[in-house]
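Let's take a walk through this protein together, one stop at a time. Keep the 3D view open and turn it as you read.

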Amino acid sequence: MGNSQILACLIQDKVLINRIKELVKKCDKDVKLLIFKKSEELLDKIDDDRIDLVFIDKDLAGEDFREVLQNIKNDFPYVVRILLAESWSQQLVLMTNDIVHLILEKKYLEENLNDLFIKAEKLGSLLQNKDLVKLINSFDSLPVLQPLYIELLQMIQSSDVSLKKIGELIESDISLSTRVLQVANMSVFAHIGRISSTKQAVVFLGLNVIRALILYIQVFSFDSNNSHFYKYLKQLEKHCLKVAETSKAISIDYNVNRMMQDDCFTAGLLHDIGKLVIMTKLENWEQILEHAHQSNIPVWKAENEILGTSHAEIGAYLLGVWGFPTEIIDAVAYHHKPLNSKKDFYLPLTFVHIAEAMTQAEDIIDEDTFYSYLDFEYLNKLNIKDKTINFYKNFTRKGETQIIDELDDEV
Ligand SMILES: [Fe+2]
Ligand SMILES: [Fe+2]
């Protein structure tokens with residue numbers, strides 16, 4: 001997708017059409033707008049033209065919006081599908097989960113449209129990978145969108161988001177609030193001071209960190225009868241928390257602003273979420289691990305060889321659908337090959353990549369492992385190769401990794 005995007009709308013309501021026309025004129029991106037009143041015309045146009053994204057109005061007369069979305073998904077899976085709805089309900093999310101990329105409430109169109117184009121562009125670029133699309137479309141539903149998380153997303157999406165209400169929502173689930181507090185009191189958040197209530201946690205950690213924490217806690221909190229699966233799941237959970245903590249610690253040392261430090265934590269927490277999808281949705285996940293082990297290659301390379309895509313792209317796609325900011329999506333998409341991001345400045349990606357290498361090296365206790373996980377070309381491009389190596393040496397010398405281990409046991 002170049003700089004301009006082609007947006008096709010299936011909308012019959014004149015007032016809504018005019019609002020979108022006005023908004024597109026004013027928006028930062030170069031967007032070409034096409035309006036259709038019948039799905040047949042829209043589908044014909046997608047067939048002949050390069051359409052990047054579609055807006056489908058939920059309230060269509062004489063058409064079933066679900067059928068239209070399903071047809072677009074089947075025939076043109078690379079097109080980003082956005083549903084415009086009067087209101088965002090849990091029922092609607094569950095009903096459209098497998099056919100819609102994003103849902104937008106009509107009343108928030110004005111404040112969200114620019115951001116939506118950026119997110120759609122990111123999703124669109126992921127959807128260029130045919131193997132990824134095939135894999136995702138083979139799932140009967142997207143994983144783990146639990147009611148509490150959906151409610152939280154809905155609150156965050158509204159323009160008058162109330163931190164107090166979000167605190168109360170978390171408090172309504174005792175085990176969730178206990179874990180939110182444990183994580184909020186980890187050493188990397190020490191500058192905030194002791195946090196004793198979930199309401200304080202929401203205010204001090206910010207919405208992105210809280211949202212990632214809830215997702216992380218919910219996705220890792222299921223039991224399994226398969227002991228191998230369960231053991232691997234627990235290892236993965238510990239690894240994600242360690243990468244989150246380490247990437248935030250590195251970003252503090254590299255003097256980035258507070259917002260980016262928190263994004264590093266968020267991205268670290270979710271960076272391997274695609275592995276969880278592979279484990280829960282694909283029967284051959286053990287075969288992939290075995291292939292990695294036998295060929296002595298990292299798991300993401302084994303995934304690429306077997307699936308044509310990896311947990312990094314699967315995770316990035318899901319976070320895109322779940323509405324995370326593009327910096328977080330990029331950190332997840334490129335955490336093993338940051339050079340592919342084509343960016344040469346500090347991003348959460350930079351620190352998640354280094355933290356991943358440090359965490360892998362620590363598990364295997366091997367300096368060579370640390371180097372083997374690093375993308376040196378990328379570090380050179382940012383001019384931080386020496387700094388990163390020195391940071392790693394000082395970090396391990398200071399025994400900070402031990403502190404991380406102790407904290408892990410607490411959580
Ligand atoms: Fe990882
Ligand atoms: Fe990974």
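Asn296 is exposed, because just 6 other C-beta atoms lie within 10 Å of its own, and a residue counts as exposed at 12 or fewer. Before we go further, keep in mind that you're looking at a predicted model. To find Asn296, look in the loop between α14 (285-295) and α15 (299-307). Its backbone has a little quirk: phi of Asn296 is near 55 degrees, a positive value in a residue other than glycine. What makes that worth a second look? Most residues other than glycine have a negative phi.

Lys342 tells a similar story. This residue isn't a glycine, yet its phi is positive, at about 60 degrees. You'll find Lys342 in the loop between α17 and α18 (348-364). Is Lys342 buried or exposed? It counts as exposed, because it has 8 C-beta neighbours inside 10 Å.

Now let's look at some buried residues. Start with Ser251, which sits in helix α11, a stretch that covers residues 227-253. Ser251 is buried, since 28 other C-beta atoms lie within 10 Å, and 20 or more is what it takes. Who does Ser251 touch, once you set aside its neighbours within four places in sequence? The contacts are Val256, Met260, Gln261, Cys264 and Phe351. You can also try a distance here: Ser251 and Asp262 are 11 residues apart along the chain, and their C-alpha atoms are separated by 9.1 Å.

Next, jump to Cys9 in strand β1, which runs over residues 4-10. Cys9 counts as buried because it has 22 C-beta neighbours inside 10 Å. Not counting residues up to four places away in sequence, Cys9 touches Ile20, Leu33, Leu34, Ile35, Phe36 and Phe55. For a view across the model, pick out Gln200 as well: going from C-alpha to C-alpha, Cys9 and Gln200 are 42 Å apart in space, with their positions 191 residues apart in sequence.

Val100 is another buried one, with 23 other C-beta atoms within 10 Å. This time the place to look is a loop, the one between α4 (90-96) and β5 (102-105). Leaving out residues up to four places away in sequence, Val100 touches Leu69, Arg81 and Leu83. Take Leu83 from that group: Val100 and Leu83 are 17 residues apart in sequence, while their C-alpha atoms are 6.7 Å apart in space.

Let's move from single residues to pairs of helices. Two packed helices are described by the angle between their axes and the distance between the axes. Try this on helix α13 (residues 273-281) and helix α16 (residues 311-321), whose axes come within 7 Å and cross at roughly 100 degrees. That angle is why α13 is roughly perpendicular to α16. On the α13 side, the residues that meet α16 are Ile273, Gly274, Lys275, Val277 and Ile278. Facing them from α16 are His311, Ala312, Ile314, Gly315 and Leu318. Sorted by class, the residues in this contact are 6 nonpolar, 3 polar and 1 charged.

The second pair is helix α5 (residues 109-126) with helix α17 (residues 326-333). Their axes come within 10 Å and cross at roughly 20 degrees. This makes α5 roughly parallel to α17, because angles under 35 degrees count that way. The crossing in which α5 passes α17 is left-handed. Here, Ile118, Lys119, Lys122 and Leu126 of α5 meet Thr326, Ile329 and Ala333 of α17. The contact of α5 with α17 is made up of 4 nonpolar, 1 polar and 2 charged residues.

Finally, zoom out to the domains. How does the domain assignment divide the chain? It gives domain 1 (4-128) and domain 2 (223-410). The C-alpha centres of domain 1 and domain 2 are 33 Å apart. Across the boundary, 7 residues of domain 1 are in contact with 9 residues of domain 2. Which element gives the largest share of the side of domain 1 that touches domain 2? That's α5, with 5 residues. By class, that side of domain 1 has 4 nonpolar, 1 polar and 2 charged residues.

Notes: Residues numbered from 1 in each chain as written. Chains lettered and ligands numbered in written order. Predicted model: local features only at pLDDT ≥ 70, side-chain atom pairs only at ≥ 80, totals over all residues. Axes fitted to C-alpha atoms, helices over the stretch in contact; angles between N-to-C directions. Helix = DSSP H or I, 4+ residues; strand = E, 2+ residues; numbered from the N terminus. Parallel < 35°, antiparallel > 145°, perpendicular 65-115°, else oblique. Left-handed = near helix turned anticlockwise from the far one by under 90°. Contact = placed C-beta atoms within 7 Å. Nonpolar A, V, L, I, M, F, W, Y, C, P; charged D, E, K, R; others polar. Domains from an automatic or database assignment.
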